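Student: I have a new structure to look at and would like to understand the words people use for it. Could you go through them with me?

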Amino acid sequence: SACAAPAPYCDPNVGACYACVTDLHCAGATPRCDVALHRCRGCAVATQSEDCADGAAPACDGAAGVCVAPRVDVSGPDEGSLLTLMRPPLTGHATPGQTVMVQIDGLTVGAVVADMAGDWSFTPTMDLPAGEHRLQAVVSAGPTPTESNVHTFSLGCTSNDHCGGERALCDAARNACVSCL
């Protein structure tokens, strides 16, 4: 039988009717056909540089399929927290589908992609040294990177192994590494 609205286009490969099969079936504010979902969208994460190139909304929200201003924040560890896990899970939120660069103390330590709910999580691959650290996340959609808030957290030592060498020992009373000269 013939296809009709709201699914007027036939995919002859499967003999089914869909809202779209190619970008030619989409127009206006939703010019892209998401072929996996067979629905028209405003953008696709894979082609966001072309879809969202106007500069005002340079990031593609992969869940909603619309161009948006990029957003990113850090949610964990809690601000000012003292942790003993030397590879703490780092978490936050960003525009769904965006690549998040995770920075500790100003150095990029990894990259993750925010899931369709906008959540991201990263666990360092190496132990962080005991002491205070600054965590920030950055997305680079559009001409100017978007930076998150900065979270500070501290890592305390529970053994001399956490202090990084022969000349530093764990002072358990202060939960900190101390240098030995």
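Student: What share of the contacts in the chain with a separation of 6 or more comes from residues 24 or more positions apart?

Tutor: The share is 41%. A contact here means heavy atoms within 4.5 Å. Before we go on, note that this is a predicted model, in which local features need pLDDT of at least 70 and side-chain atom pairs count only at pLDDT 80 or more, while totals for chains, interfaces and linings use all residues. Residues are numbered from 1 along each chain as its sequence is written, and side-chain values use heavy atoms, with hydrogens and water left out.

Student: Why is Gln 103 called buried?

Tutor: Buried means under 20% relative accessible area, exposed means over 50%, and partly exposed lies in between (1.4 Å probe, protein chains only). Gln 103 has 17% relative accessibility, so Gln 103 counts as buried. This residue is in strand E10. Leaving aside neighbours within four places in sequence, Gln 103 is in contact with Thr 108, Arg 134, Leu 135, Gln 136 and Val 138. Over the whole chain of 181 residues, 36% count as buried.

Student: How many helices and strands does the chain have?

Tutor: There is one helix, and there are 17 strands. Both are DSSP runs numbered from the N terminus: helices are H or I with at least four residues, and strands are E with at least two.

Student: What makes Asp 127 and Arg 87 a salt bridge?

Tutor: The term asks for a side-chain nitrogen of Lys or Arg within 4 Å of a carboxyl oxygen of Asp or Glu. In this pair the distance from N to O is 2.9 Å, so the definition is met. A search of the whole structure finds one salt bridge. Asp 127 sits in the loop between E12 and E13, and Arg 87 in the loop between E8 and E9, 40 residues apart.

Student: Are these two residues buried, exposed or partly exposed, and what are their values?

Tutor: Asp 127 has a relative accessible area of 46% and is partly exposed. Arg 87, at 39%, also counts as partly exposed.

Student: Which strands form the open sheet, and in what order?

Tutor: The order is E7-E9-E12, with antiparallel pairing. E7 and E12 each have a single partner strand, so one side of each is left without a neighbour in the sheet. From one strand to the next, the twist averages 30 degrees; the axes are lines fitted to C-alpha atoms (for helices, over the stretch in contact), and angles run from 0 to 180 degrees between N-to-C directions.

Student: How do you know that E9 and E12 pair?

Tutor: Two strands pair if DSSP finds at least two bridges between them. E9 and E12 have four bridges, in the antiparallel sense, so they pass. Gly 92 stands opposite Trp 120 in E12.

Student: Which side chains of strand E15 are buried, and which are not?

Tutor: In E15 (residues 151-155), His 151, Phe 153 and Leu 155 point to one face and are buried, whereas Thr 152 and Ser 154 point to the other and are not. In a regular strand, side chains alternate between the two faces of the sheet.

Student: Which strands pair with E15?

Tutor: Strand E8 (residues 82-83) pairs with E15 in the parallel sense over two bridges, and strand E13 (residues 131-139) does so in the antiparallel sense over five bridges. Ser 154 in E15 has Leu 82 opposite, and Glu 132 stands opposite Ser 154 as well.
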